[in-house]
Amino acid sequence: MALPNRTAKAVFPSVADRAFGFVGATAALLSFGLFAWIVWDLARLGLPQISWAYLTGEVQDAGRSGGIGPLLVSTLLILVCCLGLVIPLGTGCALWLSEFVRRGSLAARLVTGGVDLLASVPSIVFGLFGMVFFGQTLRMGFSIVSGGLTLACMILPILVRTTLSALEALPADLRPASAGLGLTRTTAIVKILLPAALPGIVVGITLGIGRALSETAALIFTSGYSIRWPESLDDSGRALSVHIYDLALNVANGSTMASASALVLLALILVVNSAAVALSEHWLRRRHATL
Amino acid sequence: MNSPGISKQNESEAPPGGGGTTRSKVCLSVSSLSVHYRDFTAVSDISLDMPAGEITALVGPSGCGKSSFLHSLNRLTDLVPGCRVTGSIRLSDGTEVTHPKTDVLALRRRIGIVFQRPNPFPQSIRRNFDIPLKEHGWRKRDIADRMESALREVGLWNEVSDRLHKSAIALSGGQQQRLCIARALALEPETILFDEPCSALDPIASGVVEDLIHSLRGKLTVVIVTHNLAQARRIADRAAVFWVREGVGTMVEQGPCERVFTAPSDPDAALYLSGARG
Amino acid sequence: MTSSRNTSLSRSIDRTVQGVLALLALVSGGMVLLIVWYLLANAWPAIEAGRLGSFFADRLWQPGSQRDPQFGVVPMLAGSFLVTFLAVALALPVGLAGAIFHRFYAPPALERWNRRILELLIGVPAVVFGFWGLMVIVPLIVRLAPDSPGQSLLAGGIVLALMILPIITLTSQAALQAVPPAQLQAAAGLGIGRARTIWSIALPAARGGIGAGILLSLARAIGETMAVVLVCGNIPQIPKSLFDGIRPVTSTIALEMGYATASHKALLFCAALLLVLFTAVLVGWISFRRIDADPGTGGA
């Protein structure tokens with residue numbers, strides 16, 4: 001075989017290499033730019049509207065004026081109901097999977113498979129399910145508690161997954177150490193495993209809060225549209241995300257106020273998600289420092 | 001600090017300074033014990049008496065079932081799915097360890113264990129004692145005393161008394177291992193099992209822990225698995241040599257430490273102890 | 001100083017705790033069955049009345065019409081699939097190129113910031129994406145095609161593409177990161193250039209993980225409601241061009257469930273069942289592939 005024509009070959013890679021680099025850089029820039037673009041548009045319209053009066057005031061004229069006070073309270077109450085169900089449910093499920101059944105056993109595979117499938121269910125379907133199950137079968141109607149419980153079902157997979165991986169990341173010898181001292185499994189779980197896995201669980205809860213805050217479709221048929229100050233968990237209450245939807249779809253000239261609400265929601269989610277990142281990095285660092 | 005009153009047992013209190021020369025009371029009596037994992041037999045047909053107050057060393061090459069045997073003594077083998085133990089382990093008060101009705105938690109209080117890798121709970125030093133002591137019913141006001149005397153016993157008190165609220169994970173490897181020994185001692189066990197307690201430590205820390213184990217002689221019964229033959233010879237009163245025969249771990253030699261090391265009757269054990277094999 | 005405790009009590013506490021945890025796990029794992037059961041129960045009136053035939057055969061969706069009620073889901077299914085595939089077709093090349101750039105070209109510091117920004121983008125609520133699309137993308141399309149209303153298949157495709165872009169980028173990046181360094185070293189040792197290494201070695205090795213990311217974003221896009229309901233025009237028709245309005249299945253449910261009654265309502269539940277079926281198949285496919293994949297091709 002003759003010597004390959006080296007110069008002819010060498011040109012192609014360097015051109016392709018540069019092309020790859022250029023296209024890639026452009027694509028990467030797009031994702032950087034996109035976030036800035038969205039925030040810029042929202043801030044341009046919405047930022048002038050935001051004031052203390054806006055954050056605490058009542059909704060007026062279908063949202064064209066006034067504030068979002070009752071909506072923030074409703075959103076908070078929906079979150080409280082959601083976490084009240086999902087924390088025990090998700091932590092309990094993850095504890096059972098990691099401490100009481102063997103990995104790969106049929107029971108474990110069925111439960112994790114069910115949780116994974118749950119994660120794939122579209123949020124509008126959760127809305128329908130919440131409407132008929134919590135709203136009609138359990139007679140909660142359109143209420144904050146119904147919306148919160150629906151969201152709990154939706155973010156359950158996040159919590160199960162993060163808690164499970166936190167428990168599985170614990171040093172394996174904590175279990176024989178507890179057993180060797182004659183501790184009951186309950187003591188080992190409550191006093192040793194859960195405290196050690198707490199950082200991971202908190203990060204999971206924070207991620208779940210971020211997801212719940214941003215959800216709209218699951219809430220329109222469960223917690224409803226009421227814009228009054230909620231007086232109890234049985235009242236209907238409009239979440240902030242539902243307010244944005246309503247302003248954008250049903251209210252003419254609503255986009256200025258919708259921008260303001262979107263900006264507030266975005267800021268809340270930004271804080272929650274950054275908290276999750278900061279917490280997990282902080283705990284990761286501390287772990288590296290001490291182990 | 002007397003023996004705990006969890007059982008009526010007490011008559012087997014170790015003879016002070018009881019040495020390997022006099023035949024003392026037996027604390028743990030094992031007969032025809034086998035440990036199986038599903039269809040694999042780790043160790044088969046062991047019969048061995050461990051005298052009270054003495055140090056019994058189990059030696060042998062890797063994979064000969066020493067650790068499986070050790071873990072069966074306080075039923076830690078229960079934690080391994082598919083693990084089955086047959087035969088008998090009798091305590092001095094007549095308790096049968098392998099019996100399914102035996103109270104496993106109380107048993108593990110009486111027979112403590114220290115593992116190869118130090119495994120303090122990732123919490124404060126104080127909590128490392130609080131949790132097990134509370135679990136086993138010590139009253140609140142006694143717990144601090146128990147912790148202090150256990151920490152003094154392992155020589156750690158002066159090093160940590162001013163930072164009991166700090167994380168146990170921040171201690172050095174040797175300190176962590178001594179903490180784990182103190183944590184086991186705090187429960188006032190009759191026996192402590194050591195599963196290669198020095199092999200994860202540096203030579204200096206290893207020496208400290210070895211001296212510490214030696215100092216327990218006469219106070220309680222010690223069973224130690226070690227790969228370090230010199231160490232076994234230095235601290236043990238009695239020794240048992242494990243070996244793999246036809247794929248199954250078994251015991252080929254046992255007796256007073258000096259006799260086992262100087263005049264082993266089994267040819268494999270002789271070669272192993274002389275350093276020629278294993 | 002003695003220890004004492006009630007062993008039978010602590011044993012029964014242990015058993016109770018185990019029972020409670022098992023129950024919680026059962027509820028968590030069975031939740032999806034409960035959901036399917038409730039969907040089925042509410043869809044049943046339509047199935048029982050033999051409406052499924054017209055559900056799949058009717059060409060139009062006009063459930064409210066007095067004279068000629070028609071219940072054809074096909075226009076909505078077409079809308080859902082078209083907007084989903086358009087979104088993935090737009091997002092895949094961009095996302096993949098971004099992932100390659102960050103894995104092979106960008107300095108590590110940039111890579112960290114990129115991850116931050118992408119995670120922020122994933123956190124942006126769908127309703128905010130939809131609202132922003134309505135404010136920004138739709139007017140842009142009107143400027144591009146002055147005769148069209150702007151709210152269209154194209155608008156929905158673009159907004160959905162922007163939403164799934166971070167998912168595709170992050171999963172592809174993880175898949176590229178998981179390519180064994182030994183393979184890249186082997187290529188370098190043979191004097192193979194960077195572009196060819198990427199094209200002929202890294203991408204084939206990472207295709208399993210990239211594929212999983214695509215399936216994941218397909219599932220995400222087909223189930224998305226809020227972004228599409230605001231920008232797609234909500235016209236239940238099979239579109240003839242990119243500038244025609246569509247109405248995906250999810251939008252239909254969100255818009256009509258509020259007032260639907262009787263068989264109309266039951267058919268909306270049938271549509272929800274269809275959605276669950278599609279996403280479950282996609283997600284089931286991902287986990288099936290993950291089990292199946294050999295270590296070299298498994299990613300993300």
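Helices here are DSSP runs of H or I with at least four residues, strands are runs of E with at least two, and both are numbered from the N terminus. The model on screen is predicted.

**Stop 1: chain A as a whole**

Select chain A and colour by secondary structure. The chain holds 10 helices and two strands. Followed along the sequence, the elements come in the order α-α-β-β-α-α-α-α-α-α-α-α. Rotate the C-alpha trace onto its principal axes, where chain A spans about 80 × 70 × 35 Å. The radius of gyration of chain A is 25 Å, whereas a compact globule of 291 residues would have one near 19 Å. Of those 291 residues, 51% count as buried. Among contacts in chain A with a separation of 6 or more, 74% join residues 24 or more positions apart.

**Stop 2: the side of chain A that touches chain C**

Keep chain A and add chain C. Here 69 residues of chain A are in contact with 71 residues of chain C. On the chain A side, the elements that give two or more residues include helix 1 (6-46), helix 3 (69-100), helix 4 (106-120) and helix 5 (123-137). Helix 6 (144-168), helix 8 (185-213), helix 9 (240-250) and helix 10 (255-290) of chain A are also among them. Which helix should be selected as the one that gives the most to this side of chain A? It is helix 1 of chain A, with 18 residues. Colouring this side of chain A by residue class shows 49 nonpolar, 16 polar and four charged residues.

**Stop 3: chain B as a whole**

Hide the other chains and select chain B. Its secondary structure consists of 10 helices and nine strands. Chain B is as compact as a globular protein of its length, because its radius of gyration of 18 Å is close to the 19 Å that the globule rule gives for 278 residues. The C-alpha trace of chain B extends over about 55 × 45 × 40 Å along its principal axes. Buried residues make up 47% of the 278 in chain B. In chain B, residues 24 or more positions apart supply 70% of the contacts with a separation of 6 or more.

**Stop 4: a helix pair in chain B**

Select residues 125-135 and 173-186 of chain B, which are helix 3 and helix 6. The axes of these two helices come within 10 Å and cross at roughly 30°. Angles under 35 degrees count as roughly parallel, and helix 3 and helix 6 of chain B are therefore roughly parallel to each other. Their crossing is right-handed. To see the contact, display B:I125, B:N128, B:F129, B:P132 and B:L133 from helix 3 of chain B, together with B:L179, B:R183 and B:A186 from helix 6 of chain B. By class, the residues of this contact are six nonpolar, one polar and one charged.

**Stop 5: B:L271**

Finish by centring on B:L271, which lies in helix 10 (residues 267-273) of chain B. How does B:L271 count in terms of exposure, given its C-beta neighbours inside 10 Å? B:L271 has 13 such neighbours and so counts as partly exposed. Leaving aside residues up to four places away in sequence, B:L271 touches B:A276 and B:R277. For a sense of scale, draw a distance from B:L271 to B:L164: the two are 107 residues apart in sequence and 48 Å apart in space, C-alpha to C-alpha.

Terms used
Residues are numbered from 1 along each chain as its sequence is written. Chains are lettered from A and ligands numbered from 1 in the order in which they are written. This is a predicted model: local features need pLDDT of at least 70, side-chain atom pairs count only at pLDDT 80 or more; totals for chains, interfaces and linings use all residues. The radius of gyration is taken over C-alpha atoms; the globule rule is 2.2 Å times the number of residues to the power 0.38. A residue is buried if 20 or more other C-beta atoms lie within 10 Å of its own, exposed if 12 or fewer, and partly exposed in between; C-beta atoms are placed from the backbone. Two residues are in contact if their C-beta atoms, placed from the backbone, lie within 7 Å. Ala, Val, Leu, Ile, Met, Phe, Trp, Tyr, Cys and Pro count as nonpolar, Asp, Glu, Lys and Arg as charged, and the others, Gly among them, as polar. Axes are lines fitted to C-alpha atoms, for helices over the stretch in contact, and angles run from 0 to 180 degrees between N-to-C directions. Angles under 35 degrees count as roughly parallel, over 145 as roughly antiparallel, 65 to 115 as roughly perpendicular and the rest as oblique. A crossing is left-handed if the near helix is turned anticlockwise from the far one by less than a right angle, and right-handed if clockwise.
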